Each structure stands twice: as C-alpha cells, then as structure tokens.
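Here's a quick briefing to read with the structure open. Have a look at the model first, then work through the notes.

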Amino acid sequence: GASNDLTANGPAPEELLDEDYEAVFTYPDETDNDVAMLAVKLQGRRDYGQLDGVAYYRSSASRTFNGDALDVDDDETDDSEFTAINNRSHTRTQSAGFTGQLSRRKPLAGRDNNLVIGAGLDTAATRFDFNSEWAYLTDDRGTIGSGTFDEDAAVDLHSRATTASAFATNIWSPTTRLALTASARFNWTDVDLRDQIGTALTGDHRFARLNPGAGVTFQATPLINFYGSYTQSSRVPTPVELTCADPEDPCRLPNAFLSDPPLDQIVATT
C-alpha cells in the first residue's frame with residue numbers, strides 16, 4: 001500500500017523570478033495518489049511437472065487540482081471576466097488477474113527438453129472524470145473558484161480492458177553444447193469505453209495477435225558462447241489513445257494526443 005501527496009508548481013518567467021525567486025507562476029498544482037495491492041503466489045509439484053501461479057488485486061486512485069491563468073485579451077468583453085481556471089480530475093482503477101503455468105522436464109528424442117505452458121487473465125475497470133471551473137487570479141498568482149464550470153470541457157468516462165493470454169516455450173538440447181528455443185504467446189484484448197455524458201468517447205475495440213519467438217545457443221568453448229534469437233511482442237492502444245483516434249471528433253481527454261487516425265496494435269521485432 002502507498003499514499004503520497006505531491007505539490008509541484010511548474011516553470012516561472014525569468015522576470016517574475018527576478019522580483020521574487022520563491023514566486024510561482026500559478027498555483028495550486030496538487031496530486032494525491034493512493035494505491036493498495038495484494039498478490040498471492042501458488043506452487044505445487046506433481047508427477048507431470050511443476051505448477052506455478054500468481055493472483056493479484058490492485059486498487060488505485062488519483063486526484064489532481066491545477067489552477068492556471070488565462071490569456072485574456074484587453075479587447076474582449078464580459079465573456080472574459082474570468083482570469084483563471086481550475087482543472088480537477090479523478091481517476092479510479094480496480095484491476096485483478098491470474099496467471100498459471102506448468103513446467104515439465106522430460107527427455108525428447110533422448111535429449112534434455114524443458115517445456116513451459118501457461119495461460120492468464122487480466123481485467124481492469126477505470127473511471128475518469130474531469131471538470132474545469134472558471135476562476136479569478138489573485139495578486140499572489142493563486143486562484144479563487146467562481147462555482148461556474150465549462151460544460152464543454154467536462155469528461156466522465158468508464159473503461160474496461162480485459163486480456164486473455166496463452167503462452168508456451170520449449171528448450172531442446174540436441175547436444176550438450178547446443179540449445180534450441182521456440183516460443184509463442186497469443187493475446188486477445190477487449191477494450192470497452194462508455195461515455196457517461198454523451199457518446200463521443202464510447203467505443204468497443206478488439207485486438208488479437210500471436211507473437212512468435214525462436215533462438216539458438218551454442219557453447220563453442222567453456223569461455224565462448226554464441227547465440228541468436230528472433231522475437232516479436234505487441235501492445236494494444238490504451239483507452240486514452242483510442243478515444244483520441246477519431247479525426248472528426250477532437251479529443252476531450254486532457255493529454256498530449258491529438259485526433260489521430262484509428263490505431264492498430266504496436267508491434268516490436270527484436
């Protein structure tokens with residue numbers, strides 16, 4: 001378990017620091033993080049091999065409160081009576097999962113062979129909400145809320161990501177100095193997004209991929225070892241990336257992503 005509070009005020013103009021080196025450009029800028037996690041490891045040996053499993057549950061919450069100054073044009077009218085804005089966000093995630101595997105050492109064609117097979121299931125549900133409150137900037141660069149909120153900036157999103165996976169790897173040694181490895185992992189992921197305000201962020205996304213791997217190791221001498229391998233790995237886009245992937249609908253989640261085209265899985269080859 002962990003809990004921490006962070007107050008981190010950002011960069012300030014040199015002119016402001018020349019007047020008062022301890023001055024901040026705007027405040028507050030606060031983040032409150034809390035997390036709790038429980039993990040259980042299981043082991044057992046049977047005639048057919050070694051069984052291992054890990055199960056976990058994780059709960060986390062993050063709150064942010066950020067006061068920012070607004071760029072106000074002197075020519076603007078009553079609509080510019082506010083000189084600052086208070087941005088607040090709240091993220092809550094509940095996740096759980098289990099992975100189990102069987103390891104078996106049994107000769108293949110009279111040679112050493114080590115086989116590992118397993119499967120896992122992971123799921124996480126997240127609720128994210130965000131709001132912006134019009135505010136006034138004080139003389140010391142703090143903010144005072146007005147109680148009036150920018151409805152166009154509001155976000156309330158529920159997401160659930162579930163991944164089922166199966167994997168296998170086998171190491172066979174045709175000689176005492178040579179080892180051949182083959183592996184594969186299949187992942188199936190379902191990401192569901194539900195916009196609680198409208199439908200702009202709602203979507204259902206499915207991803208599936210088989211990632212292979214192969215390798216060889218040769219012990220030429222007691223001091224010299226040669227090896228080579230080829231592997232692939234992948235990850236699916238996060239809910240934040242998916243909600244910002246429609247060119248026709250600007251992203252409403254506060255992040256660094258723009259309205260990108262629909263995203264595929266990211267695949268790495270090594």
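D190, D192 and R206 are tied together in a network of salt bridges. Keep in mind that this is a predicted model. With a nitrogen-to-oxygen cutoff of 4 Å, the tally is 7 salt bridges.

**Salt bridges between strands 8 and 9**

- Within that network, the side chains of R206 and D192 pair up at 3.2 Å, N to O. R206 sits in strand 9 (residues 203-221) and D192 in strand 8 (residues 178-195), so the bridge joins distant parts of the chain, 14 residues apart.
- How accessible is R206? Its relative accessibility is 48%, so R206 counts as partly exposed; the exposed class starts over 50%.
- R194 makes a salt bridge with D204, and the closest N and O atoms are 2.9 Å apart. This pair also links distant parts of the chain, with R194 in strand 8 and D204 in strand 9, 10 residues apart.
- Both partners of that bridge are partly exposed: R194 has 36% relative accessibility, and D204 has 45%.

**The R235 and E241 pair**

- R235 bridges to E241, with 3.2 Å between the closest N and O atoms.
- Buried or exposed, where does E241 fall? E241 has a relative accessibility of 10%, so it counts as buried, given that the buried class is under 20%.
- Its partner R235 is partly exposed, at 40% relative accessible area.

**The nonpolar core**

- The largest nonpolar core has 11 residues in all, among them the phenylalanines F128, F130 and F207. Its members also include A153, V155, L157, V191 and L193, and the list is completed by L201, V236 and L242.
- Which strands supply at least two residues of this core? Strand 5 (113-137), strand 7 (155-172) and strand 8 each do.
- Strand 8 therefore turns up in two of these topics: it holds D192 of the R206 bridge, and it feeds the core.

**N4, in strand 1**

- N4 belongs to strand 1, which covers residues 2-7.
- At 38% relative accessibility, N4 is classed as partly exposed, because that value lies between the 20% and 50% limits.
- Setting aside neighbours within four places in sequence, N4 is in contact with T31, D32 and N33.
- V35 is 31 residues from N4 along the chain, and the C-alpha atoms of the two are separated by 9.3 Å.

Methods
Residues are numbered from 1 along each chain as its sequence is written. This is a predicted model: local features need pLDDT of at least 70, side-chain atom pairs count only at pLDDT 80 or more; totals for chains, interfaces and linings use all residues. Side-chain values use heavy atoms; hydrogens and water are left out. Helices (H or I, at least four residues) and strands (E, at least two) are DSSP runs, numbered from the N terminus. Buried means under 20% relative accessible area, exposed over 50%, partly exposed in between (1.4 Å probe, protein chains only). A nonpolar core is a set of buried Ala, Val, Leu, Ile, Met, Phe, Trp, Tyr and Cys residues joined through side-chain atoms within 4.5 Å. Contact means heavy atoms within 4.5 Å.
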